[in-house]
Amino acid sequence: MRSTYITPKLSEGETVDLSLYSPRERTNIRLYGLNFKDATPVDIFEYKNRWKAQSTKITIRGKLSLAQKWCRTHCFHQDFEIHKYANNDDSHAVYFKNPEEAMLFKLSI
């Protein structure tokens, strides 16, 4: 199967039949994983605000579209946040919930 951010990210050995879910639940499974299938946008916002204070911040210059594509492909959408032009020098900030994902991002970009 092709690796895109539309393909559901599942735990090892976990399978899911998307035809059993409503369109909203299917979208949530694809973007946020099986545990967040019933989440509303407000739930995701509150979840991000809880971990953002302890997050790992990485600053990038340019390469914004490449960073967005990498994050959407390799991370759940609730586990990262990108702030465009976050600093005075017009660089961007990427916040990661998991330090391991931040390290992989830094090595890849």
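Okay, let me start right in the middle of things: A67, W70 and C71 in α3 meet E101, L104, F105 and S108 in α4. Sort the residues of that α3–α4 contact by type and you get five nonpolar, one polar and one charged. Before I go on, please keep in mind that this is a predicted model.

So how do these two helices sit? The axes of α3 and α4 are 11 Å apart, and the packing angle is about 140°. Angles over 145 degrees would count as roughly antiparallel, and α3 and α4 are therefore called oblique to each other. As for handedness, α3 passes α4 in a right-handed crossing.

Let me zoom out for those of you who are new to this one. The chain has 109 residues, and 35% of them count as buried. Its secondary structure amounts to four helices and three strands. If you walk along from the N terminus, the order is α-α-β-α-β-β-α. Put a box around the C-alpha atoms, along the principal axes, and that box comes to roughly 50 × 30 × 20 Å. And if you take contacts between residues at least 6 apart in sequence, 56% of them join residues at least 24 apart.

Back to α3, then. Which of its residues are buried? They are L64, A67, W70, C71 and T73. And what covers them? The cover includes β1, β2, β3 and α4.

That brings me to the core. As a general point, nonpolar side chains in soluble globular proteins tend to be buried together. Here, the largest nonpolar core has 13 residues, and the members that touch the most others are C71, V94, F96 and F105. Several elements give two or more residues to this core: β1, at 56-60, α3, at 64-74, β2, at 80-83, β3, at 92-96, and α4, at 99-108. Which element gives the largest share? That's α3, with four residues.

Have a look at C71 while you're there. If you ignore its neighbours within four places in sequence, C71 is in contact with F80, I82, V94, F96 and F105. There is also a second, separate core, this one of nine residues, and its members include L31, I44, A93 and Y95.

L31 takes us over to α1. The buried residues of α1 are E25, N28, I29, L31 and Y32. Part of what covers them is α2, which spans 41-52. Right after α1 comes G33, with a positive phi near 95°.

Just ahead of that helix there's L18, in the segment before α1, which itself runs 23-32. Is L18 buried or exposed? Its relative accessible area is 16%, so L18 is buried. For a sense of distance, pair L18 with K57: the two are 39 residues apart along the chain, and their C-alpha atoms are separated by 34 Å.

Last stop, the loop between β2 and β3. Generally speaking, most residues other than glycine have a negative phi. With that in mind, which way does phi go in Y85? It is positive, near 50°, and Y85 isn't a glycine. Y85 sits in the β2–β3 loop, and with 55% relative accessibility it counts as exposed. D90 lies in the loop between β2 and β3 too. D90 isn't a glycine either, and its phi is positive as well, about 65°. At 48% relative accessibility, D90 counts as partly exposed.

One more from that loop: A86, again between β2 and β3. A86 has a relative accessible area of 39%, so it is partly exposed. What does A86 touch? Leaving out neighbours within four places in sequence, A86 is in contact with S91, H92 and A93. A93, as you'll remember, belongs to the second core. And to place A86 against the other end of the picture, A86 and T27 are 59 residues apart in sequence and 29 Å apart in space, C-alpha to C-alpha.

That's my tour. If you open the structure yourself, C71 is a good place to begin: it takes part in the contact between α3 and α4, and it is among the residues that touch the most other members of the largest core. Thanks, everyone.

Key: Residues are numbered from 1 along each chain as its sequence is written. This is a predicted model: local features need pLDDT of at least 70, side-chain atom pairs count only at pLDDT 80 or more; totals for chains, interfaces and linings use all residues. Side-chain values use heavy atoms; hydrogens and water are left out. A nonpolar core is a set of buried Ala, Val, Leu, Ile, Met, Phe, Trp, Tyr and Cys residues joined through side-chain atoms within 4.5 Å. Buried means under 20% relative accessible area, exposed over 50%, partly exposed in between (1.4 Å probe, protein chains only). Contact means heavy atoms within 4.5 Å. Axes are lines fitted to C-alpha atoms, for helices over the stretch in contact, and angles run from 0 to 180 degrees between N-to-C directions. Angles under 35 degrees count as roughly parallel, over 145 as roughly antiparallel, 65 to 115 as roughly perpendicular and the rest as oblique. A crossing is left-handed if the near helix is turned anticlockwise from the far one by less than a right angle, and right-handed if clockwise. Ala, Val, Leu, Ile, Met, Phe, Trp, Tyr, Cys and Pro count as nonpolar, Asp, Glu, Lys and Arg as charged, and the others, Gly among them, as polar.
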